[in-house]
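User: I am new to reading protein models. Can we go through one together?

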Amino acid sequence: MVMMAAVVDACQWSGFCIQRLIEQPRSSGAKDCSFKCLSKGFLQKSILSTTSSTQLKSSTVPLHGGSYVHKKKGIHVLSPNISSPSMRVELLDAWDDDYDGVIINPESLPLCANAFALALRASLSNWKLKGKKGVWLKILLDQADLVPIAIQEGFNYHHAESGYVMLTYWIPNEPSMLPASPSHQIGVGGFVLNDKREVLVVKEKCPCSCSGLWKLPTGYINKSEDVFTGAIREVKEETGVDTIFLELVAFRHAHLVAFENSDLLFVCMLKPLSFEITIDEKEIQAAKWMPIDELIGQPFYQEDHMSKKVIDICMSAYEDRYSGFIANQLTSKIDGKLSYLYYNDSNKN
C-alpha cells in the first residue's frame, strides 16, 4: 500500500495521510507530502475553534492528539485536531463570486494530497462561518489525484472539459441553487442558393440515418463562435464555397440527443461569393449544386416533415415571402461587451 504522511506539531498531531487501497509502487511523479507544501498560494489563518462542516458519514476511531481515522472504501483520511490553539491551518486561495459564493483559484492548489485535504476542510468551515453558499472548484488535469479527496469532502461533479473537471459544493442546508451543468449542444446549417435556383448540398461520410442523402452542409459551432459565423465556416470547410450571412430562417430544438443533452440547430440563409466546389474528403463524400426540386424530391424529404418544412421556409425567404432574423451587434450594459442580437426586422429592405 502507498502511504503519504505529513507531520505537523507532533504533540498535537500524529499524522495526516491519504491511503489508496491499491497495491502498487509509488508513482515516480508522487510528491513529497511534507507539510511545507501547504505554503503554495495560500492564505494563512489561525483557527482557534473550528469544526468541519463536511464530516464524513463513516465510523471514526480516536487517535493520539484527538485526531480521527475516517474509514471509507478506497481512501482513508487521517485528520488532525484543528481546534487546538497552536494549530495553524492555511486556507485555500479563492475569490468571491456575484452570488455569495466562492471560486477557488485552481493555480494555487497545494502540491500534495494531504495538504489539500486539510486546507479544503478548513476553508469550507471558514466559508460556512462567513455565510457563503456555493463553492466552485476547478481541478486541472495534472491535479487529478485531488478529485477523490474533494468528492469525499462532499463536492459533486458539475462538468468536465479537456484539461479540467469542475466540482461544486453547496454549503447551506437547503436545496442547491447552483446552475446545472451545460445541457445543450448547438449546430448550424447553411442554405446556399445560386442564381440558377440550385442549392449547395453535400453527401456525408457516415453510417448514420442520413448516409447517402443529399443534404444541407451542417455542423457544430465552436466555443465562443457566433451562430452565423459557424454556418459560414461549416459551408467553407465542407464545400470550399465562400458565403456571407443573410438571415437566420429557422431553428429546431430537440431533446435527449447525444449524451442525453438537448440539441439546437440553427438554419442560416447564406449568399454565395464563390461557386467552385472543393470538398473536405475526411468528412464529405461529395458536394454539388442541385436543383431545388431534385433535393426535395428525395424520399427522405417526402417522409421527414421537419426537414421538408425547413427547405420550404428557406425558399420562401429567398423569394421574399418570409422574413427571418437578422444579426445586429449591440453592447449590453450587463457585461459591457458586444454581442449579436437576432431579431426580425420588417424594414430591412
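The questions below go from the whole chain to single side chains.

User: What kind of model is this, and how many helices and strands are in the chain?

Analyst: This is a predicted model. Its secondary structure includes both kinds of element. The chain has 6 helices and 20 strands.

User: What percentage of the residues in the chain is buried?

Analyst: The chain has 349 residues. A residue counts as buried under 20% relative accessible area. Buried residues make up 44%.

User: Among contacts between residues at least 6 apart in sequence, what share joins residues at least 24 apart?

Analyst: Start with the contacts that join residues at least 6 apart in sequence. Then pick those that join residues at least 24 apart. Their share is 63%.

User: In which sense do strands S19 and S20 pair?

Analyst: S19 covers residues 325-331, and S20 covers residues 338-344. The two form a hairpin with 6 residues between them. They pair over 7 bridges, and the sense is antiparallel.

User: Which residue in S20 is the bridge partner of Leu 330, and which residue in the turn has a positive phi?

Analyst: Leu 330 has its bridge partner in S20, and that partner is Ser 339. In the turn, a positive phi of about 70° belongs to Gly 336.

User: How many aromatic pairs are there, and why is the pair of Phe 300 and Tyr 301 edge-to-face?

Analyst: The count comes to 6 aromatic pairs. In the pair of Phe 300 and Tyr 301, the ring centres are 5.4 Å apart. Planes over 60 degrees apart count as edge-to-face. The planes here are at 85°, so the pair is edge-to-face.

User: Is Tyr 301 buried or exposed?

Analyst: Its partner Phe 300 is partly exposed, at 28% relative accessible area. Tyr 301 has 5% relative accessibility, and the cut-off for buried is under 20%. Therefore Tyr 301 counts as buried.

User: Which residue lies over the face of Tyr 164, and which has its charged end over the ring of Trp 214?

Analyst: Over the face of Tyr 164, at 4.4 Å from the ring centre, lies Lys 138. For Trp 214, the distance from the ring centre is 4.6 Å, and the residue is Lys 288.

User: Which backbone oxygen does the side chain of His 158 reach?

Analyst: His 158 is in strand S11, residues 156-161. It counts as buried, at 15% relative accessibility. Leaving aside neighbours within four places in sequence, its contacts include Trp 136, Met 166 and Pro 179. At 2.8 Å, its side chain reaches the backbone oxygen of Pro 179.

Conventions. Residues are numbered from 1 along each chain as its sequence is written. This is a predicted model: local features need pLDDT of at least 70, side-chain atom pairs count only at pLDDT 80 or more; totals for chains, interfaces and linings use all residues. Side-chain values use heavy atoms; hydrogens and water are left out. Two strands pair if DSSP finds at least two bridges between them. Helices (H or I, at least four residues) and strands (E, at least two) are DSSP runs, numbered from the N terminus. Rings of Phe, Tyr and Trp (its six-membered ring) pair if their centres lie within 6.5 Å; planes under 30 degrees apart count as stacked, over 60 as edge-to-face and the rest as tilted. Buried means under 20% relative accessible area, exposed over 50%, partly exposed in between (1.4 Å probe, protein chains only). A charge sits over a ring if NZ of Lys or CZ of Arg is within 6 Å of the ring centre and within 35 degrees of the ring normal. A polar contact is a pair of N or O atoms within 3.5 Å; within protein, one must be able to donate a hydrogen and the other to accept it, and residues adjacent in sequence count only if both atoms are side-chain atoms. Contact means heavy atoms within 4.5 Å.
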